[in-house]
Amino acid sequence: MAETVFGPFSPELAPGARNAIDVCLAIRPGERVALIADEASREVAASLAAALEAAGAPAEHILIEAIAARPLAAAPPAILDALERADAGILCVHPLQGELAARMAIVATVERRQIRYAHMVGVTPAIMKQGMRADYRLVDRLSLTLCERMRTAASLRVETAFGTSLTATFDPSLHWVKTSGIISTRYWSNLPAGEVFTTPASVDGVFVCNGTAGDYFGPKYGDLATTPLTLAIKGGRLSAAHCDRKELEREFWDYCHTDESSDRVGELAFGTNLALSDMIGILLQDEKVPGVHLAFGDPYGSQTGAAWKSTTHVDVLTRDCNVWIDETQVIRDGRYLLETLGL
């Protein structure tokens, strides 16, 4: 096995790495792959490099700290140049405050070139042994079923025993997007995968974030199970935020008022990774746990068709959802009712 800049890895990571390369990205012999990682993700990147070598795919390995200072103020030219040459790309990175713009620039290059791309922000060895070992063909079947169901749905209702109670409505002109782990040139995907999302027309009610929050909030504040962040939403915009950790409350409120659309619900998503049952405090995997979550800020308009933009995007997750599509319950206490969905 050829030596890489990423160093050694545990053999326990190999099955998840092979799943990423062989199933999710479907890398073929001879394809060029840009494999980009930071110091915190070296072991995961090393396992992916080995899987690429086994697939017969030449890879360009980039260690971020070797070419740029962190946090990244912008996407380094060496990374963008590598993606310009590649047939597929992989980013393994632990997010730092202020780096969202750099990651957006990387994604913009991927979308412009229409290459297959795995976005592994926050990936850890534990995630490679959990969510990355999912049966992604089954995850894809569930995700496709939800997409088809939601295209004609009038509303969605979410309730939890922890206080979440909200209703969402939808614009049929906007797309439901599945990032189920089967990556195409049309849709890049987070890995581990298992998500179906859109930009809702409106959301009203209360959302209790007692799981993980996105961007840098997750690494900074961790799992919010014991100190939940309660969010009031009216007409699709954040109207109030409360948390016993006042620093988090103020920081989240300020973040959601960075620009004129930072307080808008830009994403409503189903987690569809059936290999997962509980959250571990890392957004990359936790947002794939069966349930429904929201994000404030940018609506990923290039995928959903939403016409507005924001410079921010922050997910909020809640545990043990009960979910109704119109009047039909499809999730009970965080478990899909697969027979109800015809699965």
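The buried residues of helix α9 pack against α5 (100-113), α8, β11, β12, β14 and β15 (313-316) in this predicted model. Those buried residues are Leu248, Glu249, Glu251, Phe252 and Tyr255. Two of the names, Glu249 and Glu251, are glutamates, and they are listed as buried along with Leu248, Phe252 and Tyr255.

Now turn to the strands beneath this helix. Strand β11 (residues 229-234) and β12 pair in the antiparallel sense, over five bridges. Lysine 234 has arginine 237 of β12 as its bridge partner. Helix α9 (residues 246-255) packs on the sheet and touches both β11 and β12. Its direction makes about 165° with that of β12.

What is the order of the strands in the open sheet? Eight strands form it, running β12-β11-β10-β6-β5-β16-β17-β18, with antiparallel pairing. β12 (237-242) and β18 (335-336) are the edge strands, and each pairs on one side only.

Move along the sheet to β5 (residues 155-159). In a regular strand the side chains alternate between the two faces of the sheet. In β5, Leu156 and Val158 make up the covered face. Ser155, Arg157 and Glu159 make up the uncovered one. On one side, β5 is joined to strand β6 (residues 165-169) by five bridges, and the two run antiparallel. Serine 155 stands opposite threonine 169 in β6. The β5-β6 hairpin has five residues between its strands, and there glycine 163 takes a positive phi near 120°.

β5 also pairs with strand β16 (residues 322-325), in the antiparallel sense and over four bridges. Asparagine 322 in β16 is the bridge partner of glutamate 159. Arginine 157, on the uncovered face of β5, lies over the face of tryptophan 324, at 4.0 Å from the ring centre. A second arginine is placed in a similar way: the charged end of arginine 264 sits over the ring of tryptophan 308, 4.0 Å from its centre.

Helix α7 (residues 136-150) lies across β5, β16, β17 (328-332) and β18. α7 runs at about 50° to β16.

Next, the aromatic rings. How many aromatic pairs does a search of the whole structure find? It finds 11. Phenylalanine 197 and tyrosine 300 form one that is edge-to-face, with 6.2 Å centre to centre and 65° between the planes. Phenylalanine 197 lies in strand β9 (residues 195-198), and tyrosine 300 in the loop between β14 (291-297) and α11 (301-304), so the pair ties together parts that are 103 residues apart in sequence. Phenylalanine 197 is buried, at a relative accessible area of 5%. Tyrosine 300 is partly exposed, at 27%.

Phenylalanine 217 and tyrosine 221 make a stacked pair, because their ring planes stand at 20° with centres 6.3 Å apart. Both lie in helix α8 (residues 217-221), four residues apart, about one turn of the helix. Phenylalanine 217 is buried, with a relative accessible area of 1%. Tyrosine 221 is buried too, with 10%. Ring pairs link these two with Tyr216, Phe252, Tyr255 and Phe296 into a cluster. Phe252 and Tyr255 bring the path back to α9, where they are among the buried residues.

Helix α2 (residues 42-54) comes next. Its 13 residues, at 1.5 Å a residue, should span 18 Å; the end C-alpha atoms are 18 Å apart, which agrees. Val44, Ala45, Ala46, Ser47, Leu48, Ala49, Ala50, Ala51 and Leu52 are buried in α2. Which elements cover the buried residues of α2? The cover includes α1 (14-24), β1 (33-37), β2 (59-63), β3 (88-93), β4 (116-121) and α6 (125-129). Just after α2, glycine 56 takes a positive phi of about 75°.

Last stop: glycine 131, in the loop between α6 and α7. Is glycine 131 buried or exposed? Glycine 131 is buried, with a relative accessible area of 0%. Its contacts, leaving aside neighbours within four places in sequence, are Tyr136, Pro192, Asn273, Leu276 and Gln285. The C-alpha atoms of glycine 131 and isoleucine 21 are separated by 14 Å, while the two residues are 110 residues apart along the chain.

Note on methods
Residues are numbered from 1 along each chain as its sequence is written. This is a predicted model: local features need pLDDT of at least 70, side-chain atom pairs count only at pLDDT 80 or more; totals for chains, interfaces and linings use all residues. Side-chain values use heavy atoms; hydrogens and water are left out. Rings of Phe, Tyr and Trp (its six-membered ring) pair if their centres lie within 6.5 Å; planes under 30 degrees apart count as stacked, over 60 as edge-to-face and the rest as tilted. Buried means under 20% relative accessible area, exposed over 50%, partly exposed in between (1.4 Å probe, protein chains only). A charge sits over a ring if NZ of Lys or CZ of Arg is within 6 Å of the ring centre and within 35 degrees of the ring normal. The expected span of a helix is 1.5 Å times one less than its number of residues. Contact means heavy atoms within 4.5 Å. Two strands pair if DSSP finds at least two bridges between them. Axes are lines fitted to C-alpha atoms, for helices over the stretch in contact, and angles run from 0 to 180 degrees between N-to-C directions.
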